[in-house]
Amino acid sequence: MDYVGRVVSIVRRAKVFVRRMEVEAKGSTYHIVMDVEGPTDEISWLVAKLDKLPEVLEISRLQQAPAVAIALADRR
Amino acid sequence: MALFDAAYFVDDIEVVMFRHEQGAAHAAEGYARVAGRPAVVAATSGPGATNLITGLTDAYMDSVPVTAITGQVATWVFGRDGFQETDILGVATPITKWVYQVKRPEEAVPAVRIAYEISRLGRPGPTLVDLPRDLQVVTPQGEAKIPINVSKFIPPKPKEEDIAKALKIVLEAERPVVLAGGGVLWSGATKEVLELAERLNAPIVSTLPGKAAIPHNHPLYMGPAGMHGRAEADAALANADVVIAVGTRFSDRTWGRFKELQEMIRSGEMRVVHIDVDKSEIGKNIKPTVGIVADAKEALRAMLDMLPAAAARSPKFLAWLHEIRRRYEEAMEKAAAEFKYFAPWKVLKAIRRAAPPNAITVTGVGGHQMWAEIWWDVYEPGTFITSAGLGTMGFGIPAALGAKLADRSRPVICIDGDGSFQMTFNNLALVREYDLPFVEIIFDNASLQLVKQWQVYMYGNRQIATRFARNPDFIKIGEAYGIEGIRPSTYEELERAVSWAVRNNEPLIIDVTIDEDKDIVLPWVKPGDWLTQAILPKGMEDVSLSYERY
Ligand SMILES: Cc1ncc(C[n+]2csc(CCOP(=O)(O)OP(=O)(O)O)c2C)c(N)n1
Ligand SMILES: [Mg+2]
């Protein structure tokens, strides 16, 4: 869970409201889906900030409203 | 233990033993800033690891590459509060670019290699690898793959359309100003910044870390802007109609108040081109008119290649800024006459005269550092090292040692406070032990002056816990470590002492008595104020930092 902890530590500091956060182990990676509410710019910043973690292999902002999806490496 | 035991058998790793882990971490920062590559700092589990944290946070705030290796209890006692167990991953998570706990022996080598690599790639920063005790003594069977994405740290090429947009804005500007941040230094973009400013005839201002990137004898450099910036730099930034901000994170210390800035950008009064290698910096504190995610040098080169020849702006704005500078220096010359002992800025001038242009200057944190921000002249890029983002008292001495380790051929000078000195002077033991001479200049005002200044101006002059009723004898401390010391009584004596130490590559402690009651750092943009509201010294009452009213 080390990597998930790193993600949470960044999300905590964004000025957004986290409605939902789901973490699921799939193969060798963790998949995280988050529903967050907040100003568009703040969500963009959060995505950019999360994408700076080298353990975040992929990140995308889903079409459906404000969701953010993250894939994390290594099931840590 | 096992890690150090292994170092016993390796010849090409130089082990330098500091007296406190925080010192080792700051030394690693000093080293990296001079050598341009990370040093590895290693500490034992528990208290050793937690003692590194201030240094790593400092490196994180100032984007300095440092790689830390911490010991950890054996994997079988994890999470059970074993002796000297600390969840260092949890502690270091928000202050590192990457942190990794080795869970199998096969991960150890790749983890350290990756940590080293990541710390220097793109925007630099600290990384940490945690090595449990039981894994340190197992021979790995090959190397495990650690699946991470390092390629994201390789700066993208600047987008052509962004460069074109930026150029259009710059060409429309009447009063363009180039703002240089610490990223200019890491990118090696000093030449490009100067060229852009010269071709536009635009003033350059910097942040505190960016100060090290610009030669101060350049006629277009106005100095650092911000809380304790130069008045002419504050004026330049506040009155620009276009700011080309390079490698900077729009810190509140540089801008004072974001509300004003955001308002100006929204109304179109000011337009901002923000170039940064870190995409999460663009739009973090202010939304720029154009954001360019790229290496500073590359982005500026792309702009320069497309900039038409006749882009220079009218010299009137510059003349106004130079007049502010003249008035400030004149006012301070008068103020110096009121000091019974030494005036801090005149001390800096005397040291500068004695130190060769390539001397590396390191500072503590406090009023003396702010005086250095305003008055220390940097001639060669990379020769001014300070704790800007975290503002860590005690940074000076260990960072000076690290700088000297990185380049023993250059003189190192530490501009320190008496409070800062007392936080990390234990590391002076290394001066003779490893032959790392530097000149330690203590601005001795018997107080935590900068905090006292806030008490004087913002807390109704209620002074509490900011005066040292009794300071130790700094000269005797030096003596205990085999370092000579002097307490000069004139500026000439001070200058001679620095010259002597530099010439002979000798360590020296200089205890400079400063009148604590007169030591008020000005200009000062009080927290939450806008740049034009800077408090200026006596004699500048008629000077406005707003261009319109001029
Ligand atoms: C480790 C740490 N503790 C506290 C502070 C808050 N602080 C900022 S400046 C300052 C005073 C510094 O005193 P000194 O080193 O003597 O410098 P001076 O301001 O007197 O020149 C203090 C306490 C800090 N920056 N760092
Ligand atoms: Mg002091």
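The exercises below work through a predicted model, each with its solution.

Local features need pLDDT of at least 70 and side-chain atom pairs count only at pLDDT 80 or more, while totals for chains, interfaces and linings use all residues; side-chain values use heavy atoms, with hydrogens and water left out. Residues are numbered from 1 along each chain as its sequence is written, and chains are lettered from A and ligands numbered from 1 in the order in which they are written.

**Exercise 1. The shell of ligand 1**

Task: find which residues come nearest to ligand 1, and which elements supply its shell.

Solution.
- Step 1. Take the residues near ligand 1, those with a heavy atom within 4 Å of it. There are 17 residues around ligand 1. B:Gly367, B:Gly391, B:Asp418, B:Gly419 and B:Ser420 come nearest.
- Step 2. Look for contacts through N and O atoms (a polar contact is a pair of N or O atoms within 3.5 Å; within protein, one must be able to donate a hydrogen and the other to accept it, and residues adjacent in sequence count only if both atoms are side-chain atoms). An oxygen atom of ligand 1 lies 2.9 Å from a side-chain N or O atom of B:His368. A nitrogen atom of ligand 1 is 2.8 Å from a polar backbone atom of B:Gly391. For B:Leu450, a polar backbone atom is 3.0 Å from an oxygen atom of ligand 1.
- Step 3. Check the cover. Ligand 1 alone exposes 580 Å², and the protein buries 76% of that. Such areas come from the Shrake-Rupley method with a 1.4 Å probe; for residues, only the protein chains shown count as cover.
- Step 4. Assign elements (helices, H or I, of at least four residues and strands, E, of at least two are DSSP runs, numbered from the N terminus). In chain B, α16 (367-375), α18 (418-424) and α20 (449-458) each give two or more residues to the shell. The largest share, four residues, comes from α18(B).
- Step 5. Sort by type. The shell holds six nonpolar, ten polar and one charged residue. Here Ala, Val, Leu, Ile, Met, Phe, Trp, Tyr, Cys and Pro count as nonpolar, Asp, Glu, Lys and Arg as charged, and the others, Gly among them, as polar.

**Exercise 2. Salt bridges**

Task: place three salt bridges in the structure, and say whether their residues are buried, partly exposed or exposed.

Solution.
- Step 1. Fix the terms. A salt bridge is a side-chain nitrogen of Lys or Arg within 4 Å of a carboxyl oxygen of Asp or Glu. Buried means under 20% relative accessible area, exposed over 50%, partly exposed in between (1.4 Å probe, protein chains only). The whole structure has 44 salt bridges over all chains.
- Step 2. Start with B:Lys287 and A:Asp41, whose closest N and O atoms are 3.4 Å apart. This pair crosses between chains, from the loop between β9 (271-276) and β10 (290-293) of chain B to helix α2 (residues 40-50) of chain A. B:Lys287 is exposed at 53%, and A:Asp41 is partly exposed at 42%.
- Step 3. Turn to B:Glu329 and B:Arg230, at 2.7 Å. B:Glu329 is in helix α14 (residues 316-336) and B:Arg230 in the loop between β7 (221-224) and α10 (231-239), so the pair ties together parts 99 residues apart in sequence. B:Glu329 is partly exposed at 33%, whereas B:Arg230 is buried at 7%.
- Step 4. Finish with B:Asp511 and B:Arg487, at 3.1 Å. B:Asp511 belongs to strand β16 (residues 508-513) and B:Arg487 to the loop between β15 (484-486) and α22 (491-504), so the pair ties together parts 24 residues apart in sequence. B:Asp511 is buried at 2%, and B:Arg487 is partly exposed at 44%.
- Step 5. Add a network. Salt bridges link A:Lys52, B:Arg123, B:Asp278, B:Glu281 and B:Lys284.

**Exercise 3. A buried serine**

Task: locate B:Ser119 and find its side-chain partner.

Solution.
- Step 1. B:Ser119 sits in helix α5 (residues 108-120) of chain B.
- Step 2. B:Ser119 counts as buried because its relative accessibility is 0%.
- Step 3. The B:Ser119 side chain makes a polar contact with the side chain of B:Thr67, at 3.4 Å.
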